[in-house]
Amino acid sequence: MEQKWWHGKVAYQIYPKSFCDSNGDGVGDLRGIISKLDYLQALGVDIVWLSPIYPSPFIDQGYDIADYVNIAPVFGNLDDFDELVAEAKKRNIDIVMDLVANHCSSEHEWFKKACADLNSEEAGYFYFVKGKDGKVPNNLRSYFGGSVWEPVPGHEGEDIYYSHYFAKAQPDLNWNNPKLREQVFNLVNFWIDRGVKGFRVDAILSIVKDLSFPDLPADDTDGMCHAAKMNAKLLDRIGPYLTELRDKTFKRANCFTVGEVLTVTTDSVSKFAGPDGYFSTLFDLSCREKIEAFPHYREYPTLSPDDFAECVFNTQELYQKVDAFVAPIIENHDEPRGVSYYMPEYLQNQVGAKTIATVLMFLRGIPFIYQGQEIGMTNTKFASIDEFDDIFAKSEYQDLIEHGYSDAEAVACCARHGRDNARTPMLWDDSDNAGFTTGKPWLRVHQDYKTLNVKSQFGVPGSTFSYYQQLIKLRKSEEYGPIFTYGRFDRLNIAKGVIAYTRSCDKCHQKIVIIANTNQEELRYSLGDQAANAKVLISANSAVLCADGTVVLGCGGAIVVAL
Ligand code: GLC
């Protein structure tokens, strides 16, 4: 594989609203992030992806952008941004922005002008479509519930609708229009020229539309079909758009790009993330995909550690087969905390945080850590629907109530699957509001902040934070870094509940085995003949390698051994 500047790096996602508030308004901001750059450097990460920081009405927490070339006042201004980029650079950290180009906000000038004049240039930036037989153009259901169609504001009753695959406040942009595409390329270049080194590309599969707007077979009793199923159908038509985007923007500055792309197939993965792919890499969202194959929270399955491993390992094998680069994650701002979602109940704690961290950090590709993951943040105990902010959780709460769930059951279900789990404030210390803000936090603080926080872990041997520091150091070490980045991946089947794999390199005769035990019972596993020169590179939760070449892993034990 041809080497790229971002190979071998470790990335970190910041959710700016919840990271650090410098001015006491209860919302995180850019100056807050600047104040924590030393922290990020100490952790050892190289690339920081910022979820959207643009002006927005925040209906979908900034993924509804009202101005692509500015900073939301609540986060700061362009000077703060420039300072952030420069200060990060001093610490060898590159900034990656969130590129949300499937849709903008209904507050964006483009949409306002478009609605005001259906013959304007801006009207062509959107999908304004006539209804069919007195009904909306097709039966697609939006990601957040309800039809993807809404009457164009100011033209109600005129049988003309706009498409929104996400919230009503997020009108879809018409990528079929070259003028719109040019606008998008300009805004990407605006940020490249300001020093950003890359982009996380949001919801990008949704940009292709079948202009005949056909119905799809209903997947629920509402007669509708999830819009994601249309994306899957149109996957092979997206190439020209993404090639043009790459060539007119990212390529100029040798950017690192990571796509939010669900529904990858053997065929598409090399096109998307192969050596000459549209993007540098794609997130491994296979677990989410398995869960979200069901339209509603009430149907979401629970993944066991084995299901989790199966998804992750299938992805590893798929990317390896076509020489593509993947970005493994265990959580992000759209998912509950990985330790609470994929670990059994008895490991939904600091022990399990280290177990799952060990599995994540040695996979092939570029691992992403989500803020708070490095201190083992678990799901938040939401007590009522009023404690949620997320538009998605609120719509699912309604769905649960409509399906006969009690309030307590519906809240529990939202608390299990809700995105707000990852969005509660970062826990810095044990002072009020976990040191996140001196004001009133915009979203409730995690229940365990008195004991679960950065201050209690930073510099403390054995803490989850220190363990992440060691994992990152090992992952990037001169000796083993290349094998973790490029080496062969093979799954290792040991026993149910045991997640294990090897990384190897034929040329350098190296082999590393990674084993994590999620069972309550102790695991004894012999490394066999290979154990003669075995060396433990890192271990957690009292896992050991015995003189006879057997590894002994108690509940949650995890070990990485070079053979
Ligand atoms: C992506 C984002 C998510 C957002 C959606 C619509 O999936 O990660 O947070 O709600 O796109 O922009």
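Me: What percentage of the contacts in the protein, between residues at least 6 apart in sequence, join residues at least 24 apart?
Reply: The figure is 71%, where contact means heavy atoms within 4.5 Å. This is a predicted model, in which local features require pLDDT of at least 70, side-chain atom pairs count only at pLDDT 80 or more, and totals for chains, interfaces and linings use all residues. Residues are numbered from 1 along each chain as its sequence is written, and side-chain values rest on heavy atoms, with hydrogens and water left out.

Me: What makes the radius of gyration of the protein agree with that of a compact globule?
Reply: The rule for a globule is 2.2 Å times the number of residues to the power 0.38, with the radius taken over C-alpha atoms. For 563 residues this gives a value near 24 Å, and the protein has 23 Å, which agrees. Along the principal axes, the C-alpha atoms fill a box of roughly 80 × 50 × 50 Å.

Me: How many helices and strands make up the secondary structure?
Reply: There are 17 helices and 21 strands. Both are DSSP runs numbered from the N terminus: helices are H or I with at least four residues, strands are E with at least two.

Me: Why is Thr485 called buried?
Reply: A residue is buried under 20% relative accessible area, exposed over 50%, and partly exposed in between (1.4 Å probe, protein chains only). Thr485 has 3%, and therefore counts as buried. Thr485 belongs to helix H17 (residues 481-486). Beyond its neighbours within four places in sequence, Thr485 is in contact with His7, Gly8, Phe325, Arg364, Gly365, Arg475 and Arg503. Of the 563 residues of the protein, 61% count as buried.

Me: Why does Ile494 count as partly exposed, whereas Ile385 counts as buried?
Reply: Ile494 has a relative accessible area of 22%, so it is partly exposed; Ile385 has 14%, so it is buried. Ile494 is located in the loop between strand E14 (488-491) and E15, and Ile385 in the loop between E13 and H13. Neighbours within four places aside, Ile494 is in contact with Ala500, Ile515, Leu523 and Tyr525. On the same basis, Ile385 is in contact with Ala393, Tyr397, Val411 and Cys414.

Me: Which residues of helix H14 are buried, and which helices do they pack against?
Reply: In H14 (residues 407-417), the buried residues are Ala410, Val411, Cys413, Cys414, Ala415 and His417. They pack against helix H11 (338-342), helix H13 (391-402) and helix H15 (420-423).

Me: What makes strand E16 largely enclosed by the rest of the structure?
Reply: Six of the eight residues of E16 (residues 510-517) are buried, so the strand is largely enclosed.

Me: How do you know that E16 pairs with E15 and with E21?
Reply: Two strands pair if DSSP finds at least two bridges between them. Eight bridges join strand E15 (residues 498-505) to E16, and five join E16 to strand E21 (residues 558-562); the strands run antiparallel in each case. Cys505 stands opposite Gln510 in E16, while the bridge partner of Ile515 in E21 is Ile559. E15 and E16 form a hairpin with four residues between them, and His509 in the turn has a positive phi of about 50°.

Me: Why are E12 and E13 called edge strands?
Reply: Eight strands form an open sheet with parallel pairing, in the order E12-E11-E10-E8-E3-E2-E1-E13. Strand E12 (326-327) and strand E13 (368-370) each pair on one side only. The partner of E12 is strand E11 (residues 281-283), joined over two bridges in the parallel sense. One of these partnerships places Phe283 with Ala327 in E12.

Me: What makes the phi of Ala203 and of Asn254 worth stating?
Reply: Ala203 has a positive phi near 40° in a residue other than glycine, and Asn254, likewise not a glycine, has a positive phi of about 50°. Ala203, in the loop between strand E8 (198-201) and strand E9 (225-226), has 8% relative accessibility and therefore counts as buried. Asn254, in the loop between helix H7 (239-248) and strand E10 (256-259), has 44% and therefore counts as partly exposed.
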